[in-house]
Amino acid sequence: MSVLTIYPAWQNGRSKRHFGTIPELPWYVLNMRLRLALPLLSVLAFFVDLQSHASDLALVGAKIYLSPSEPPIESGTILVHSGHILSVGPNAEIKVPPSMTVIDCKGLVVTAGFWNSHVHILPPGLVHADRRSSEQTTSQLQEMLTRWGFTTVFDIASVLQNTNLIRHRIARGEAKGPRILTVGEPFWVKGGTPIYIKGFLEANHISIPEVESTAQAKERVRQQVRDGADGIKIFANSVERNEILTMPLDLAEVIVAEAHRAGKPIFAHVSNNQGIEVAIQSGVDILAHTTPIDDFWSPSFAQRLVAAHMALTPTLTLWEVESKNASPEELEKGMSRAAQQLEAFSRAGGQVLFGTDVGYIEQFDTSEEFRWMSRAGMSFQEILASLTTNPAQRFGYATHSGRIAKGLDADLVVLGADPAQNTSAFSKVRYTIRRRSSTKRNEILPPEPIVYRRKPICNFRLITGS
């Protein structure tokens with residue numbers, strides 16, 4: 001049986017924090033914003049009423065983007081039944097059954113549910129899930145992910161056993177959150193545990209082994225796949241105190257080949273062109289970052305990446321967060337390189353997957369990422385594709401996700417403004433609607449929590465290489 005979970009948007013401020021710091025360090029809570037009391041009470045009443053209905057739902061009067069390549073329906077209706085799209089079309093053509101719960105979407109915009117293809121299930125509120133209630137897990141997932149429209153995420157470094165526990169809670173309906181795909185523990189070379197992660201691992205008593213041989217790597221890939229990993233991640237580069245280590249090509253090739261043998265995609269963390277070369281030659285599927293520490297990407301270099309059938313999660317906001325101690329000139333120089341690299345890749349026809357590195361940085365607000373993607377020359381349609389059709393196609397979900405069409409999963413996002421006019425509207429989420437396997441209820445999370453702005457801690461200036 002199916003359920004639709006509906007997540008009303010939270011009006012969070014920008015939240016920033018690195019997971020590579022000791023959790024006991026204080027967070028600076030600023031900028032608490034209170035909403036008008038009477039409108040909030042009426043909204044709360046609506047949410048409570050909606051919770052009592054079954055899984056049939058009608059979104060009426062919205063501008064509907066069926067996919068990045070199709071013209072929108074200017075004033076349309078979507079009918080949802082048992083977690084799937086029953087029908088979609090102009091208002092005049094869709095009759096709403098009286099039994100359905102109706103959400104008035106006049107003046108709003110609906111797209112397919114968003115994917116975030118670069119997250120980490122590692123913030124303090126998630127990392128020891130066995131010590132936390134389902135309500136605490138739900139709260140963290142909503143603040144970090146579903147509030148921003150993410151119905152599916154790919155976690156590309158975490159503790160697999162812990163992430164599996166969270167996934168099982170969501171599947172059983174005990175916690176509410178997005179569909180989570182995961183690579184589990186990443187692979188780095190001997191002596192290559194990244195410097196910015198060591199403190200976090202020690203503080204949380206987590207051990208992630210370093211890979212010392214191809215035989216060990218091959219067996220570990222097999223074990224993680226048996227344990228439920230949906231992909232594998234290598235650190236083609238590892239940033240250490242005084243150097244950047246690069247994974248030997250033969251080791252990367254073994255890991256990639258074993259993952260591909262199991263039908264799993266391979267992500268690669270890269271910090272410089274040496275790491276990218278390892279990724280290209282070993283057959284990696286997705287680059288986890290741009291590399292602003294290096295030069296601009298030439299058209300021919302970008303074309304090499306595209307010819308290797310690689311996708312890219314640019315994570316541009318990451319570099320801004322990492323460079324908060326840099327001078328304005330250094331910051332602009334590094335961010336310009338990162339944006340240019342994305343632009344070169346996109347112009348070459350590369351497949352871009354939206355990703356923020358959230359869970360490593362605690363900047364939940366997605367608006368800056370959209371701003372930087374626009375600065376890199378990406379159109380509204382290209383950004384929408386990075387959020388929907390591109391990841392659905394890349395990860396094998398295109399037959400039932402990534403678009404709005406009859407019979408597909410009812411993973412939907414309702415926006416308060418039109419991203420075709422300004423791409424920052426992608427972050428103005430009113431509702432996140434997510435199909436789950438559980439009971440038949442529509443569940444609404446409480447809206448409008450306290451607003452936090454969190455000061456970044458322990459900046460590590462990857463752009464300048466320090």
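Mentor: Let's start with a term: a cavity here is a set of grid points where a 1.4 Å probe fits but cannot get out. Keep in mind that this is a predicted model.

Trainee: Good, so how many cavities of 30 Å³ or more does the structure hold?

Mentor: It holds four of them.

Trainee: What about the second largest cavity, how much space lies in there?

Mentor: About 40 Å³.

Trainee: And which residues line that second largest cavity?

Mentor: The lining is made of Thr317, Thr356, Ile361, Gln363, Phe364, Asp365, Thr366 and Glu369. By type, that lining divides into two nonpolar, four polar and two charged residues.

Trainee: Let me zoom out for a second. How many helices and strands are in the protein chain?

Mentor: There are 14 helices and 19 strands. The chain has 466 residues, and buried ones make up 60% of them.

Trainee: What share of the contacts with a separation of 6 or more comes from residues 24 or more positions apart?

Mentor: That share is 77% for the protein chain.

Trainee: Now the sheets. In what order do the five strands of the open sheet come?

Mentor: The order is 10-13-14-15-16, and the pairing is parallel. Strand 10 (232-235) and strand 16 are the edge strands, each pairing on one side only.

Trainee: How many bridges are there between strand 15 and strand 16?

Mentor: Two, in the parallel sense. As for a specific pair, Ala311 has Gln351 in strand 16 as its bridge partner.

Trainee: Moving on to strand 8. How many of its residues are buried?

Mentor: Six of its six residues are buried, so "mostly covered" fits, with buried meaning under 20% relative accessible area. Strand 8 covers residues 150-155, and four bridges join it in parallel to strand 9. Strand 7 is also parallel to strand 8, again through four bridges.

Trainee: Which residues are bridge partners or stand opposite each other around there?

Mentor: Val119 has Asp155 in strand 8 as its bridge partner. Towards strand 9, Thr152 is partnered with Arg179, and Val153 stands opposite Ile180.

Trainee: What kind of unit do strand 8, helix 4 and strand 9 make?

Mentor: They make a right-handed β-α-β unit, with helix 4 spanning residues 160-171.

Trainee: Which way do the side chains of strand 9 point?

Mentor: Arg179 and Leu181 point one way, while Ile180 and Thr182 point the other way, and all are buried. As a general rule, side chains in a regular strand alternate between the two faces of the sheet.

Trainee: Tell me about Leu181 then. Is it buried or exposed?

Mentor: Leu181, which is found in strand 9, has a relative accessible area of 5%, so it is buried.

Trainee: What does Leu181 touch, leaving out residues up to four places away in sequence?

Mentor: Leu181 touches Trp115, Val153, Phe154, Asp155, Arg167, Asp230 and Tyr397. There is also a C-alpha separation you may like: Leu181 and Asn164 are 17 residues apart along the chain, and their C-alpha atoms are separated by 9.5 Å.

Trainee: New topic, backbone angles. What is phi for Thr315?

Mentor: It is near 45 degrees, a positive value in a residue other than glycine. For context, most residues other than glycine have a negative phi.

Trainee: Where is Thr315 found?

Mentor: Thr315 is in the loop between strand 15 (311-312) and helix 10 (316-322). Its relative accessibility is 0%, so Thr315 counts as buried.

Trainee: And what about phi of Asp357?

Mentor: Asp357 is not a glycine either, and its phi is positive, about 70 degrees. It is found in the loop between strand 16 (351-352) and helix 12 (367-375). At 3% relative accessibility, Asp357 counts as buried.

Trainee: Last one, helix 13. How many of its residues are buried?

Mentor: Six of its eight residues, so helix 13 (residues 380-387) is mostly covered, given the under 20% cut-off for buried. The buried ones are Phe380, Ile383, Leu384, Ala385, Ser386 and Leu387.

Trainee: What do the buried residues of helix 13 pack against?

Mentor: They pack against strand 6 (109-112), strand 7 (114-119), strand 8, strand 16, helix 12 and helix 14 (389-394).

Definitions and conventions. Residues are numbered from 1 along each chain as its sequence is written. This is a predicted model: local features need pLDDT of at least 70, side-chain atom pairs count only at pLDDT 80 or more; totals for chains, interfaces and linings use all residues. Side-chain values use heavy atoms; hydrogens and water are left out. On a 1 Å grid over the protein atoms alone, a cavity is a set of points where a 1.4 Å probe fits but cannot get out, and a pocket is an open set with protein on both sides within 12 Å along at least five of seven lines; lining residues have an atom within 4 Å of a point. Grid points are joined across faces, edges and corners, and a volume is the space filled by probe spheres set on the points. Ala, Val, Leu, Ile, Met, Phe, Trp, Tyr, Cys and Pro count as nonpolar, Asp, Glu, Lys and Arg as charged, and the others, Gly among them, as polar. Buried means under 20% relative accessible area, exposed over 50%, partly exposed in between (1.4 Å probe, protein chains only). Two strands pair if DSSP finds at least two bridges between them. A crossover is right-handed if, with the strands pointing away from the viewer, the path from the first strand over the helix to the second runs clockwise. Contact means heavy atoms within 4.5 Å.
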